Amino acid sequence: NFSRVTEFILLGLSDTRELQVLFFTVFLLAYTMVLLGNLLIIVTVRTDPKLSSPMYFLLCNLSFIDICCTSVTAPRMLVDLLSQRKAIVFESCIAQLFFLHFVGSSEMFLLTVMAYDRYTAICKPLHYTTIMSRWACWVLVCSCWAGGFLHSITQTLLTIQLPFCGPNTVDNYFCDVQPIIRLACTDIYTIEWLMASNSGLISLGCFLVLVTSYVLILVSIRGHLTQGHWKVLSTCGSHVMVVTLFFVPCIFIYLRPFCTFPFDKYVCIIYTIFSPVMNPLIYTLRNKEVKESMWRL
């Protein structure tokens, strides 16, 4: 009700026509890989009874979240790369902000749950089926979505209550909290600290929990590695690669109030596009059971 701005202008990744065509080709290919790769994982896990363990149940949910996360930003970016005027109405901008943080924070929580699953499998193997029962897995996944919703609705409410009266130019290819709130016609000192303590601390907190879980795994199995331990550690290695690709850019972007860099929008590409592309490759190429199930499918 307090906003005078009816639309925002997204500057995108480049204003050079040749680079826009190049970006469109690369990101169209990447988005196609995200859809096909993650859908293939979902179908494989759902159709193969051998892939019924909690790890594959969580992997299936991760693939679904990756599709959602990329679909929030990629289609709009692809359209804008071929458009002369990259305008997005205020309501659509806020909706994009909400859904990006919704699925993004849900993925952070889910990756943390996946680390807990690996910790339980390695450090408490005799109690694994009891601790990570089907019911427990559903509760954990639903909790991830609930946590993502609470985080996102907080970010959205803090943003829409700000007055926007111009300018309306956003130096990014999608609507995110930092570039949007800096266009507000009011002092945003408190808001920026709240945003950093919300998004930034969630990213950092989940990342520290993940690192701690892997340290505990390494400490618990040192000196008596079996073939089963090596197999699970291989899965953990894949998980670490996913975590690094996703969390490090998020921490860099969201844990810096009052500070922006021109290359921030290129850093955002890592966790909105490339991380969802790498997830299917990492989890399939390093997992013999998934590869065999895909060949049978």
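Is phenylalanine 246 buried or exposed? In this predicted model, phenylalanine 246 counts as buried, because its relative accessibility is 1%. Its ring partner, phenylalanine 247, is buried as well, at 0% relative accessibility. The two rings have their centres 5.6 Å apart, and their planes meet at 85°, so the pair is edge-to-face. A pair of aromatic rings is described by exactly these two quantities, the distance of the centres and the angle of the planes.

The aromatic residues offer a good way into the rest of the structure, where a full search finds 19 aromatic pairs. Another of them brings together phenylalanine 252 and phenylalanine 263, which are stacked, with 6.1 Å from centre to centre and 20° between the planes. Phenylalanine 252 belongs to helix H8 (residues 227-254), whereas phenylalanine 263 sits in the loop between H8 and helix H9 (264-285), so this pair ties together parts that are 11 residues apart in sequence. Phenylalanine 252 counts as partly exposed, at 30% relative accessibility, and phenylalanine 263 is also partly exposed, with a relative accessible area of 43%. Elsewhere, Phe64, Phe98, Phe99, Phe102, Trp145 and Phe149 form one aromatic cluster.

Helix H3 deserves a closer look. This helix covers residues 90-123, 34 residues in total, and spans 49 Å from its first C-alpha to its last. That span is close to the 50 Å expected at 1.5 Å a residue. H3 is mostly covered, with 27 of its 34 residues buried. Arginine 118 lies in this helix and is buried, its relative accessible area being 7%. The side chain of arginine 118 is joined to that of aspartate 117 by a polar contact of 2.8 Å.

The UniProt record, an unreviewed entry, places the feature "transmembrane region" at seven stretches of the chain: residues 20-43, 55-74, 94-114, 135-154, 201-220, 232-254 and 266-285. Two of these can be set beside the model. Over residues 94-114 the chain is 100% helix and 0% strand, with 30 Å between the end C-alpha atoms. Residues 201-220 are likewise 100% helix and 0% strand, and here the end C-alpha atoms lie 28 Å apart.

Cysteines come next. The count of disulfides comes to two. One of them joins cysteine 93 to cysteine 175, with 2.0 Å from S to S. Cysteine 93 lies in helix H3 and cysteine 175 in the loop between strand S3 (169-170) and helix H6 (177-181), so the bond ties together parts that are 82 residues apart in sequence. The link of cysteine 93 and cysteine 175 is left-handed, with -120° about the S-S bond, and both of these cysteines are buried.

A disulfide also joins cysteine 165 to cysteine 185, at 1.9 Å from S to S. This pair links distant parts of the chain, 20 residues apart: cysteine 165 is in the loop between helix H5 (134-160) and S3, and cysteine 185 is in the loop between H6 and helix H7 (189-221). The link of cysteine 165 and cysteine 185 is left-handed too, with -135° about the S-S bond. Cysteine 165 counts as partly exposed because its relative accessibility is 41%, and cysteine 185 counts as partly exposed at 32%. When the bonded cysteines are numbered in sequence order, the pairing reads 1-3, 2-4.

Why is there no bond between cysteine 250 and cysteine 69? The sulfur of cysteine 69 is the closest cysteine sulfur to that of cysteine 250, but the distance of 8.2 Å is too far for a bond. Cysteine 250 is buried, with a relative accessible area of 2%. Cysteine 268 is in no disulfide; its nearest cysteine sulfur, that of cysteine 250, is 8.4 Å away. Cysteine 268 is buried, with a relative accessible area of 2%.

A final stop is alanine 30, which lies in helix H1 (residues 17-47). Alanine 30 is buried, with a relative accessible area of 6%. Beyond its neighbours within four places in sequence, alanine 30 is in contact with Ile273 and Val277. The C-alpha atom of alanine 30 is separated by 19 Å from that of valine 243, a residue 213 residues apart from it along the chain.

Key: Residues are numbered from 1 along each chain as its sequence is written. This is a predicted model: local features need pLDDT of at least 70, side-chain atom pairs count only at pLDDT 80 or more; totals for chains, interfaces and linings use all residues. Side-chain values use heavy atoms; hydrogens and water are left out. Helices (H or I, at least four residues) and strands (E, at least two) are DSSP runs, numbered from the N terminus. The expected span of a helix is 1.5 Å times one less than its number of residues. Buried means under 20% relative accessible area, exposed over 50%, partly exposed in between (1.4 Å probe, protein chains only). UniProt positions are given in the numbering used here, feature names are shortened, and annotations may be inferred rather than shown by experiment. A disulfide is a pair of cysteine sulfur atoms within 2.5 Å. Contact means heavy atoms within 4.5 Å. A polar contact is a pair of N or O atoms within 3.5 Å; within protein, one must be able to donate a hydrogen and the other to accept it, and residues adjacent in sequence count only if both atoms are side-chain atoms. Rings of Phe, Tyr and Trp (its six-membered ring) pair if their centres lie within 6.5 Å; planes under 30 degrees apart count as stacked, over 60 as edge-to-face and the rest as tilted.
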